[in-house]
Amino acid sequence: MIRVQDLTKTYGEQRAIDAISFEIEAGEILGFLGPNGAGKTTTMKIITCFMPATSGKVEIDGLDVFDHSLEIRRKIGYLPETTPLYPEMNVTEYLGFIQVLRKMPQSRRRSRLQEMVELCGLGEVMHKDIGELSKGYRQRVGLAQAIIHDPEILILDEPTIGLDPNQVVEIRQLISTLGERKTLILCTHILSEVEAACNRVLIINRGKIVADGTPQTLRAGLHGKQRLLVQIRAAADPAAVTRKLGDLPGAEIAARPAMEAGVVGAEITSNKDQDLREQVFRLVADAGWVLLEMRREIQSLEDVFRDLTRAA
Amino acid sequence: MLTNTWAFTRRELKVYFNSPIAYIIIVLALVISGWLFFLDFFLAGQTTLRPLLTGWLPMVFLVFVPAITMRLIAEEKKSGTVELLVTLPVTDWEIVLGKYLASLALLGVTIVLTFSYIITVSLLGDPDGGAIFGQYAGLFLLGATYLAIGLFASGITANQIVAFLVAIVIIAAFFLVDKFTPFFPGPLASVLEFLGVNYHFENMARGVIDSRDLLYYLSMIFLFLFLAVRALESRKWK
């Protein structure tokens, strides 16, 4: 549905995005993930026809976004990072203004506005000036603006930025509901957002795509490590604990704060397919120590993200 | 095309009239020009609107018009709403034209409000109707040209103050250019005179409506609206 080919955008000397290519199928919910300044917003601005690429092209349903700009813009609903609203208009006026520009037939406007108000929870603020609204409500008005014409493609750029945790949950639920029926691109630097809503993740860093897959495959990716966090009571010889654990094949030991006196805390890192739990247990039992706690952590998407986007 | 343009015009008019901006600007323009006009109206003893329509109002417009236009595009750039506008299925011309028509309406209202002076002078004497019509037509076209310049100035910056000042500078250049003709050789002088707004305005103010003057104003308006569209499009320049 959306095809991005060798897309490059330079601002002066700086390359914001560097020959990126990807495709998005209809119905996918794509999480476009990257640290701040990685090129997410630039890519979105090109897809939405705000500005052209320096080179490369974007096609939607086979139409070039630059040559068929107006047609493409009709298909897309876009919530930019800045949440563009007119503070002096009230919510109804604003959405009405968008409806006119979206060429919605007069007969459907009122009922559609009502749907938006219900879907986005705007009932209480319908007649308030946008300038008076809280950040959460403003974001919802922005979302309503993006979906009011029922677009095939929905692009949301950092939709939950600046919201409090409750509002974040609400907006995320709204996004999940919307994603059931649309092709959706969600730009964010917040990982839990992607894990919660997306069925595909693209990670972009310094203008290049560094990972592409479902959240599950990424998590289980090549970089996979697992970690055991242990607390061991070894009254006699605490130093021996780290030493003996280090002798386990494929284990890397790092000290961790102990919870109480006479206890050793450690973090044992091994490859993802190498489960050391049993060996650790036996080692501890044979040495006559006591295993107070053992917890396994498999690499989270967060680790993948940090691995991939760390400054080289 | 028309529905979109009209949607922008309506929105801008609402912004103007729902806030004190329009009222303050209009009242100031009328009070200042009216006061200057009546300072020596009774001393001169002539029932004519000429000093007002060809002297004071064009001068007041020099500041009045940029004050109307400065926010039109600059504010959208500043607040980021320009990103919304240009990603909606509307053309840049529709945006510029819609905003221009709104500012034109505001100018129209201001000019219509000075019609009361026609009644005043008619009661006091017997003014030349043809001249007054020409002066009003000229004044409207002059203002319309200034508005196009102001809209362009608003399009090149995200800062309203900059837009205001740039508009004043460009308008002043066209307003004053024919004052410098004595310093230039003949052919160049007449070119300068033709470029300036006053030359054409003077023709109309005498009650002579010549297609060349109309063409001058219309091409100035078109030129600056075109430049405003280009300024809005500048995001697309590679």
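**Exercise 1. In which sense do β1(A) and strand β2 (residues 14-24) of chain A pair, and over how many bridges?**

Solution. This is a predicted model, so read each step as a statement about that model.

Step 1. Find the two strands. β1(A) and β2(A) pair in the antiparallel sense, over seven bridges.

Step 2. Pick one bridge. Y11(A) has Q14(A) of β2(A) as its bridge partner.

Step 3. Look at the turn. The hairpin of β1(A) and β2(A) has two residues between the strands. One residue there, G12(A), takes a positive phi near 60°.

Step 4. Turn to another partner of β1(A). Strand β1 (residues 2-11) of chain A also pairs with strand β4 (residues 55-60) of chain A. The sense is antiparallel, over five bridges. In this pair, I2(A) stands opposite I60(A) of β4(A).

**Exercise 2. Work out the order of the six strands in the open sheet of chain A, and find which strands stand at the edges.**

Solution.

Step 1. Write down the order. It is β6-β7-β8-β3-β9-β10 (chain A), with mixed pairing.

Step 2. Check the ends. β6 (76-79) and β10 (208-213) of chain A each have a single partner strand, so one side of each lacks a neighbour in the sheet.

Step 3. Add the twist. Neighbouring strands of this sheet are turned by 15° against each other on average, direction ignored.

Step 4. Zoom in on one pair. Strand β3 (residues 29-33) and strand β9 (residues 200-205) of chain A pair in the parallel sense. They do so over four bridges. One of the bridges joins G31(A) to V201(A) in β9(A).

Step 5. Place the helices. Helix α5 (residues 135-147) of chain A packs on the sheet and touches β6 and β7 (153-157) of chain A. Its direction makes about 165° with that of β6(A). Helix α6 (residues 165-179) of chain A lies across β3, β7 and β8 (183-188) of chain A. α6(A) runs at about 150° to β8(A).

**Exercise 3. Describe how domain 1 of chain A touches domain 2 of chain A.**

Solution.

Step 1. Set the bounds. The domain assignment gives domain 1 (2-219) and domain 2 (225-308) of chain A.

Step 2. Give the spacing. The centres of the two domains, taken over C-alpha atoms, are separated by 44 Å.

Step 3. Count the contacts. 10 residues of domain 1 are in contact with seven residues of domain 2.

Step 4. Name the elements on the domain 1 side. α7 (191-197), β9, β10 and α8 (215-219) of chain A each supply at least two residues. α8(A) gives the most, with three residues.

Step 5. Sort that side by residue kind. It divides into seven nonpolar, one polar and two charged.

**Exercise 4. What helices and strands does chain B have, and how does chain A touch chain B?**

Solution.

Step 1. Count the elements. Chain B has 13 helices and zero strands.

Step 2. Test the radius. Chain B has 238 residues, so a compact globule would have a radius of gyration near 18 Å. The value for chain B is 19 Å, which agrees.

Step 3. Look inside. Of the 238 residues of chain B, 39% count as buried.

Step 4. Go to the interface. 19 residues of chain A are in contact with 20 residues of chain B. On the chain A side, the elements that give two or more residues are α2 (69-75) and α3 (91-101). The residues of that side divide into 12 nonpolar, three polar and four charged.

Notes:
Residues are numbered from 1 along each chain as its sequence is written. Chains are lettered from A and ligands numbered from 1 in the order in which they are written. This is a predicted model: local features need pLDDT of at least 70, side-chain atom pairs count only at pLDDT 80 or more; totals for chains, interfaces and linings use all residues. Two strands pair if DSSP finds at least two bridges between them. Axes are lines fitted to C-alpha atoms, for helices over the stretch in contact, and angles run from 0 to 180 degrees between N-to-C directions. Two residues are in contact if their C-beta atoms, placed from the backbone, lie within 7 Å. Ala, Val, Leu, Ile, Met, Phe, Trp, Tyr, Cys and Pro count as nonpolar, Asp, Glu, Lys and Arg as charged, and the others, Gly among them, as polar. Domain bounds come from an automatic or database domain assignment. The radius of gyration is taken over C-alpha atoms; the globule rule is 2.2 Å times the number of residues to the power 0.38. A residue is buried if 20 or more other C-beta atoms lie within 10 Å of its own, exposed if 12 or fewer, and partly exposed in between; C-beta atoms are placed from the backbone.
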